[in-house]
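Could you walk me through this model in the viewer, one selection at a time? I would like to know what to pick next and what is there.

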Amino acid sequence: MEWIAPILAGIFGLLTGSFLNVCSLRWPIDESVFRPRSRCQRCKSPIFWLDMIPVFSWLFLRGRCRNCSGSISAQYPLVEAGMALMWAAVFALHWPSPEAFRGAIFMAIIFGISISDARFYVIPDQFSVGGTLVGILLAVLPGGIDVVASVIGAVLGFSVLWFVGISGTWLIKKISPHRLERVGVDQAMGGGDIKMSMMIGAFVGVEGIALTVFIASALAIVIALAQSIPAALARNEDGDMEMGGLIPFGVFMAGGGAISYVWGDAMIAWYAKSLLGVAG
Ligand SMILES: [Zn+2]
């Protein structure tokens with residue numbers, strides 16, 4: 001019977017994924033998630049309720065609008081299926097501990113941020129600031145970190161990325177004076193990334209947020225280098241070295257946060273034991 005909870009969580013994950021599609025595409029452009037109703041992007045006709053069943057409707061209609069046959073993005077079923085798998089996995093890992101609910105909510109928030117950031121380079125406050133409050137509230141549940149650890153994690157998460165942003169901005173202005181304005185920003189780290197880091201800290205605590213920032217930075221550096229090698233070879237018209245474009249750092253923070261949530265304790269224990277010689 002232990003498979004019932006993960007399957008139910010997967011079904012609720014499909015519905016949450018469906019709502020997450022709406023939130024992550026509307027919040028960045030300040031639209032309500034309730035009005036207007038979901039419409040076809042092409043013919044603007046409201047979508048028939050039967051065509052809003054997660055994943056299955058999209059497959060049944062073969063990714064086309066019932067009214068105009070315009071194509072409907074595969075993002076919708078992919079996000080729904082992705083959320084279902086993540087919720088089933090978190091419940092398989094933690095149920096019957098209430099930690100299963102905390103983990104599922106955390107996955108939904110970071111998944112939503114990934115979509116918004118990848119698509120619009122925006123991390124909505126509803127996910128980051130709202131998520132911080134939810135993270136602190138859920139810390140009262142038994143099983144995960146306690147409320148004090150959650151608050152300290154949030155403060156540390158905010159501070160670390162704020163500091164990385166300040167020093168990064170200083171460094172980039174030294175190396176390549178016009179780079180930030182060319183990319184269209186005035187800081188190396190966006191305010192949304194800093195607030196997101198606060199939210200992750202509220203869910204994973206002090207060690208978890210340290211690990212998250214480490215993983216996210218490592219991933220981002222690899223991507224930035226890959227982007228900048230061709231750009232650096234061709235110096236731009238101002239004569240300074242190009243270093244690639246804008247990176248949606250929230251996507252890497254989301255990846256780091258998920259890894260840290262699932263494997264963080266094991267990774268930190270391994271690190272302490274094998275590199276610092278501390279018996280675990
Ligand atoms: Zn249509």
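Start by selecting helix 4 (99-120) and helix 5 (residues 125-138). Their axes come within 11 Å and cross at roughly 170°. Here axes are lines fitted to C-alpha atoms, for helices over the stretch in contact, and angles run from 0 to 180 degrees between N-to-C directions. Helix 4 and helix 5 are therefore roughly antiparallel, a word for angles over 145 degrees (under 35 is roughly parallel, 65 to 115 roughly perpendicular, and the rest oblique). The helices themselves are DSSP runs of H or I with at least four residues, numbered from the N terminus, while strands are runs of E with at least two.

Before going further, please keep in mind that this is a predicted model: local features need pLDDT of at least 70, side-chain atom pairs count only at pLDDT 80 or more, and totals for chains, interfaces and linings use all residues. Residues are numbered from 1 along each chain as its sequence is written.

Now show the side chains between these two helices. Arg102, Ile105, Ile109, Gly112 and Ile113 of helix 4 meet Phe127, Gly131, Val134 and Leu138 of helix 5; a contact means that the C-beta atoms of two residues, placed from the backbone, lie within 7 Å. Colour them by class and you get six nonpolar, two polar and one charged residues. In this scheme Ala, Val, Leu, Ile, Met, Phe, Trp, Tyr, Cys and Pro are nonpolar, Asp, Glu, Lys and Arg are charged, and the others, Gly among them, are polar.

**Helix 4 with helix 9**

Keep helix 4 and add helix 9 (249-274). This pair packs at about 160°, with axes 8 Å apart, and helix 4 and helix 9 are therefore roughly antiparallel to each other. Helix 4 passes helix 9 in a left-handed crossing, meaning that the near helix is turned anticlockwise from the far one by less than a right angle (clockwise would be right-handed). On the helix 4 side, select Gly103, Phe106, Met107, Ile110, Ile113, Ser114, Asp117 and Ala118; on the helix 9 side, select Gly250, Val251, Ala254, Gly257, Ala258 and Tyr261. These contact residues divide into nine nonpolar, four polar and one charged.

**Helix 3 with helix 4**

Next, swap helix 9 for helix 3 (75-94). How do helix 3 and helix 4 pack? The angle is about 155° and the axes are 9 Å apart, which makes helix 3 roughly antiparallel to helix 4. Their crossing is right-handed. Among the residues that make the contact are Val79, Met83 and Trp87 of helix 3 and Met107, Ala108 and Phe111 of helix 4. By class, the contact has 12 nonpolar, three polar and one charged residues.

**The nonpolar core**

Select Met83, Trp87, Met107, Ile110 and Phe111: they have the most contacts inside the largest nonpolar core, which has 50 residues. Such a core is a set of buried Ala, Val, Leu, Ile, Met, Phe, Trp, Tyr and Cys residues joined through C-beta atoms within 7 Å. Elements giving two or more residues to this core include helix 1 (4-26), helix 6 (147-175) and helix 8 (191-233). Helix 8 gives the most, with 13 residues. Zoom in on Met83: leaving aside neighbours within four places in sequence, Met83 is in contact with Gly13, Leu14, Thr16, Gly17, Leu20, Ala108 and Phe111.

Stay in helix 3 and click on Ala88. Is Ala88 buried or exposed? Ala88 is buried, with 21 other C-beta atoms within 10 Å; the cut-offs are 20 or more for buried, 12 or fewer for exposed and partly exposed in between, with C-beta atoms placed from the backbone. Not counting residues up to four places away in sequence, Ala88 touches Pro6, Ile7, Ala9, Gly10 and Gly13.

**Stops in the loops**

- Trp95 and Pro96 are joined by a cis peptide bond, with omega about 10°; Pro96 is in the loop between helix 3 and helix 4.
- Arg35 and Pro36 are also joined by a cis peptide bond, with omega about -5°; Pro36 is in the loop between helix 1 and helix 2 (56-60).
- Arg62, in the loop between helix 2 and helix 3, has a positive phi near 50° without being a glycine. Arg62 counts as exposed, with 9 C-beta neighbours inside 10 Å.
- Ser69 lies in the loop between helix 2 and helix 3, and has a positive phi of about 65° although it is not a glycine. Ser69 is partly exposed, with 13 other C-beta atoms within 10 Å.
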